[in-house]
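The following exercises concern the fold, the sheets and the aromatic pairs of one protein. Each task is followed by a solution in steps.

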Amino acid sequence: MFSAVEPAFSTNLLDRFLVAIEKETIQPIICVSKLDLADNDVQKEVRQYQAIYQTIGYPFLLLDEPDSLSELTKLVSKKTAVIAGQSGVGKSTFLNRLNPDLSLKTAEISGSLGRGKHTTRHVEFLPIGDGFVADTPGFSSIEWQEMEPEEVEIYFPEIEAAGSSCKFRGCLHDSEPKCAVKTAVEAGEIAGFRYQHYLQILAEIKNRKPRY
């Protein structure tokens with residue numbers, strides 16, 4: 001779960017979440033709150049991102065829209081879901097909207113830090129409709145200790161699809177020649193920011209220090 005503002009929407013953090021989630025074979029649903037608090041430029045930008053992620057195949061819900069709650073309830077019906085995101089994006093507020101009987105504690109954004117305060121301090125399973133949602137403490141960083149460079153493209157569906165046409169087997173879509181992914185980025189078929197996030201994660205994995 002992300003917010004349009006307070007804290008600001010971050011595609012970088014979103015893509016890191018998506019990679020971590022898909023590695024665990026969990027189906028992600030992107031939810032964005034606080035669009036009503038954003039100015040017109042931010043609203044337009046978030047909707048543009050919504051179109052990009054939906055084209056890739058991700059459900060992308062704007063929680064201020066009238067049908068978002070019923071749509072999300074259908075998506076998690078008879079399932080166990082996990083709600084995760086930065087502190088301050090409104091996870092507890094959102095869960096209270098889904099089930100007013102929960103009466104979960106909420107908090108304002110910290111003015112001095114510019115980020116949310118932790119109101120959820122442990123994982124708790126909460127009844128939502130005919131399913132359950134695990135509410136988790138907020139966090140804002142993800143590391144890649146158990147992922148190899150060759151795996152990264154698997155968690156960027158559009159990059160994996162384009163990569164099947166690369167000239168060389170095992171292409172990492174970085175410095176290799178005749179790379180179909182780079183061609184697709186140049187043609188606007190793959191969003192440039194997504195490709196940059198792919199390269200960033202790839203570099204972090206290549207350069208990570210071993211843990212003993």
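From the N terminus on, the elements of the protein follow the order β-α-β-α-β-α-β-α-β-β-α-α-α. The model is a predicted one.

**Exercise 1. State how many helices and strands the protein has, and describe its burial and surface.**

Step 1. The secondary structure amounts to 7 helices and 6 strands.

Step 2. Of the 212 residues in the protein, 45% are buried.

Step 3. The exposed area is about 12,000 Å², and carbon and sulfur atoms supply 49% of this area.

Step 4. Among the contacts with a separation of 6 or more, 65% are between residues 24 or more positions apart.

**Exercise 2. Determine the strand order of the sheet that contains S1, and identify its edge strands.**

Step 1. The order is S1-S2-S3, in an open sheet of 3 strands with parallel pairing.

Step 2. Strand S1 (2-3) and strand S3 (60-62) are the edge strands, since each pairs on one side only.

Step 3. Strand S2 (residues 30-33) runs parallel to S3 and is joined to S3 by 3 bridges. The bridge partner of Cys 31 in S3 is Leu 61.

Step 4. Helix H2 (residues 40-56) packs on this sheet and touches S2 and S3. The direction of H2 makes about 155° with that of S3.

**Exercise 3. Analyse the sheet that contains S4: its order, its edges and its twist.**

Step 1. This is an open sheet of 3 strands in the order S4-S6-S5, and its pairing is mixed.

Step 2. S4 and strand S5 (124-128) each have a single partner strand, so one side of each is left without a neighbour in the sheet.

Step 3. From one strand to the next, the twist averages 30°.

Step 4. Helix H4 (residues 91-98) packs on the sheet, in touch with S4, S5 and S6. The direction of H4 makes about 160° with that of S6.

**Exercise 4. For strand S4, establish its register with S6 and decide which side chains are buried.**

Step 1. S4 and strand S6 (residues 131-135) pair in the parallel sense over 4 bridges.

Step 2. Val 82 stands opposite Ala 134 in S6, and Ile 83 stands opposite Asp 135.

Step 3. The side chains alternate along S4 (residues 80-83). Ala 81 and Ile 83 point to one face and are buried, whereas Thr 80 and Val 82 point to the other face and are not buried. The cut-off for burial is a relative accessible area under 20%.

**Exercise 5. Classify the aromatic pairs Phe 2 with Phe 17 and Tyr 53 with Tyr 58, and place them in the fold.**

Step 1. A pair of aromatic rings is described by the distance of the centres and the angle of the planes. The cut-off for a pair is a centre distance within 6.5 Å; an angle over 60 degrees counts as edge-to-face and one under 30 degrees as stacked, with the rest tilted.

Step 2. By this rule the count is 10 aromatic pairs.

Step 3. Phe 2 and Phe 17 lie 5.4 Å apart, centre to centre, with 75° between the planes, and the pair is edge-to-face. Phe 2 is in strand S1 and Phe 17 in helix H1 (residues 11-23), so the pair ties together parts that are 15 residues apart in sequence. Both Phe 2 and Phe 17 are buried.

Step 4. Tyr 53 and Tyr 58 form a tilted pair, at 6.3 Å centre to centre and 55° between the planes. Both Tyr 53 and Tyr 58 are buried.

Step 5. One aromatic cluster is formed by Phe 2, Phe 9, Phe 17, Tyr 49, Tyr 53, Tyr 58, Phe 60 and Phe 193.

Terms used:
Residues numbered from 1 in each chain as written. Predicted model: local features only at pLDDT ≥ 70, side-chain atom pairs only at ≥ 80, totals over all residues. Heavy atoms only, no water. Buried < 20%, exposed > 50% of the residue type's maximum accessible area, 1.4 Å probe, protein only. Helix = DSSP H or I, 4+ residues; strand = E, 2+ residues; numbered from the N terminus. Pairing = 2+ DSSP bridges. Contact = heavy atoms within 4.5 Å. Axes fitted to C-alpha atoms, helices over the stretch in contact; angles between N-to-C directions. Phe/Tyr/Trp six-rings, centres within 6.5 Å; stacked < 30°, edge-to-face > 60°. Areas by Shrake-Rupley, 256 points an atom, 1.4 Å probe, with all protein chains shown as cover.
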